[in-house]
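This report describes how the strands and helices of one protein model are arranged. Please look at the sequence and the structure before reading on.

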Amino acid sequence: MDVTVKFLGAAATVTGSRYLLDIGEFEFLVDCGLFQGRKELRRRNWDKFPMPPTDMEAIVLTHAHMDHIGYLPKLVKDGFSGPIYCTDPTAELAKILLLDSGKLQEEEAEYARKKGFSSHDDPQPLYTVEDAEAVFPLFVPQNFKKPFSIHPSVEVTYYHAGHILGAAIAKVVIKGDTQTKKLVFSGDLGRYHDPILYPPTLIPEADVVWIESTYGDRVAAAIKPEEELARAINDTFDRDGLVIIPAFAVGRTQLVMYYLYQLMKKGKIPSAPIYLDSPMAINVSNLYKDFHQDHQLVAVLDDHVQHPFQHSQLHYYRKQEQSRTLNDLKGRAIIISASGMATGGRVMHHLFHHLPNEKNGVVFVGYQADGTRGRRLVNGEPMVSIYGQQVAVNAKIYSVEGLSAHADQNELMEWAEGFNEKPKLAFVVHGEEESAGILAQKLKNELGWNTVIPNYLESFVLFTGI
């Protein structure tokens, strides 16, 4: 038996994770992500898949972020009908996120049609809500730490990766005629001291490793994010102002809610109403109760106990009418709403109405990518465009670091050091060229690893005649 891999994404870039494994009579994909970011990357989503999707027999997912699951509806639309393996929480998160993605794809195509800026006469979405729904029956949820077979020669086991609810490291064991080989896919690794999620599991053995390198070039500052958050909120409340926190619905929102609850409980910020204005974030937060065994928030089990996702100051706003009432809100209160980079979503109308008020504060709790409205606000631009109008930025802008869901360089190295013996080969993936290059060199210099940074569509023979 020969084993090969083809890199269909996350190769010298931080998006579009897709690794096609071929063991001869069986081909399967590890992760099925959407390319995001620069236009030349997004165009890859429209490229012809390198094999007929009908011939591929299974997909193994690590977690539910769009750069790991977002291509699923397109692949299913084009004929894939095999099982999609993932953890239980990943299946439920994926349903939430894929429906939203299908809706966005439809809206973008309609907008392009109306404005006439597409090169196509009749621009079509990459996939629709209906295409997203067609994926759901294919999910085959699995438990952590319990091996399962995807083929007589291939067994997979999931281990906690941190990062987001349900995120997994995937160990793939391939049994040949004469040898057994172990492949380990890190997925995206989380922080080692996350207050909600379990730390990434150390895996003792692997022949070949795929290690992410999102933050392979940086070490997180030794700061306490809850203290920075408290300073920004107290500063705004001292002006009798309103706090707006743009935050992504999966992971970041729940971490912010945890810190706000702890800060109020300890008296480090005044008790004030918190409005979670995001149907998606509410749905995601509810999953923490359904999958209590996959995180550390024991109190979430009990409906009668106050906890970060259920207390007297926390208000869930699902309906648009509820959201609109927050436009007139004044004084000490906190609004959490998506999107995290202020590129769309309900947070836009909160910024539109509240940015001009110098008493207010906007607290960004994550990285703001170049070209986004969030980056322009963090950079101190005095005016931003919202809904086609120039809005004065009189509110004070804060940026809280230390809330990333990604392991930094030290934590990536700590995970790598968990192997009892160095793997024969390590692919450094899911990172921009600089971060991947720096981590690959560090793994080589300090641990003696044989590291490779694959190129897009590059293939490798992993084993022959096993």
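The text below covers two sheets, then the helices, then one loop residue.

The model is predicted: local features need pLDDT of at least 70, side-chain atom pairs count only at pLDDT 80 or more, and totals for chains, interfaces and linings use all residues. Residues are numbered from 1 along each chain as its sequence is written, and side-chain values use heavy atoms, with hydrogens and water left out.

Helices (H or I, at least four residues) and strands (E, at least two) are DSSP runs, numbered from the N terminus. Two strands pair if DSSP finds at least two bridges between them. Strands of a sheet pair through backbone hydrogen bonds, either parallel or antiparallel.

**The sheet that holds S1**

One open sheet has seven strands in the order S6-S5-S4-S3-S2-S1-S22, and its pairing is mixed. Its edge strands, S6 (139-142) and S22 (459-463), each pair on one side only. On average, neighbouring strands here are turned by 25° against each other, direction ignored. (Axes are lines fitted to C-alpha atoms, for helices over the stretch in contact, and angles run from 0 to 180 degrees between N-to-C directions.) Three of the pairings are listed below, each with one facing pair of residues.

| Strands | Sense | Bridges | Facing residues |
|---|---|---|---|
| S1 (residues 3-7) and S2 (residues 19-22) | antiparallel | four | Thr4 and Asp22 |
| S2 and S3 (residues 27-30) | antiparallel | four | Tyr19 and Val30 |
| S5 (residues 84-87) and S6 | parallel | four | Ile84 and Phe139 |

S2 and S3 form a hairpin with four residues between them, and in the turn Gly24 has a positive phi of about 100°.

**The sheet that holds S11**

Another open sheet of seven strands, also with mixed pairing, has the order S7-S8-S9-S10-S11-S20-S21. At its edges are S7 (148-151) and S21 (451-452), each pairing on one side only. Inside this order, S11 (residues 208-212) and S20 (residues 425-429) are parallel and joined over five bridges. Across that pairing, Ile211 stands opposite Val428 of S20.

Helix H13 (residues 433-447) packs on the sheet and touches S11, S20 and S21; its direction makes about 155° with that of S20. Helix H12 (residues 409-416) lies across S9 (168-175), S10 (180-185) and S11, running at about 165° to S11.

**Helices H6 and H7**

How far apart are the end C-alpha atoms of H7 (residues 252-265)? They are 20 Å apart, which agrees with the 20 Å expected for 14 residues at 1.5 Å a residue (the expected span is 1.5 Å times one less than the number of residues). Of these 14 residues, 13 are buried, so H7 is largely enclosed by the rest of the structure. Buried means under 20% relative accessible area, exposed over 50%, and partly exposed in between (1.4 Å probe, protein chains only). Just after H7, Gly267 takes a positive phi of about 75°.

The axes of H6 (residues 225-238) and H7 come within 10 Å and cross at roughly 70°. That makes H6 roughly perpendicular to H7 (angles under 35 degrees count as roughly parallel, over 145 as roughly antiparallel, 65 to 115 as roughly perpendicular and the rest as oblique). Contact means heavy atoms within 4.5 Å. H6 contributes Pro225, Glu226, Leu229, Ala230 and Ile233 to the contact, and H7 contributes Tyr259, Leu260 and Leu263.

**Ser213**

Ser213 is found in the loop between S11 and H6. Is Ser213 buried or exposed? Its relative accessibility is 0%, so Ser213 counts as buried. Leaving aside neighbours within four places in sequence, its contacts include Leu412, Val428, His430, Ser435 and Leu439.
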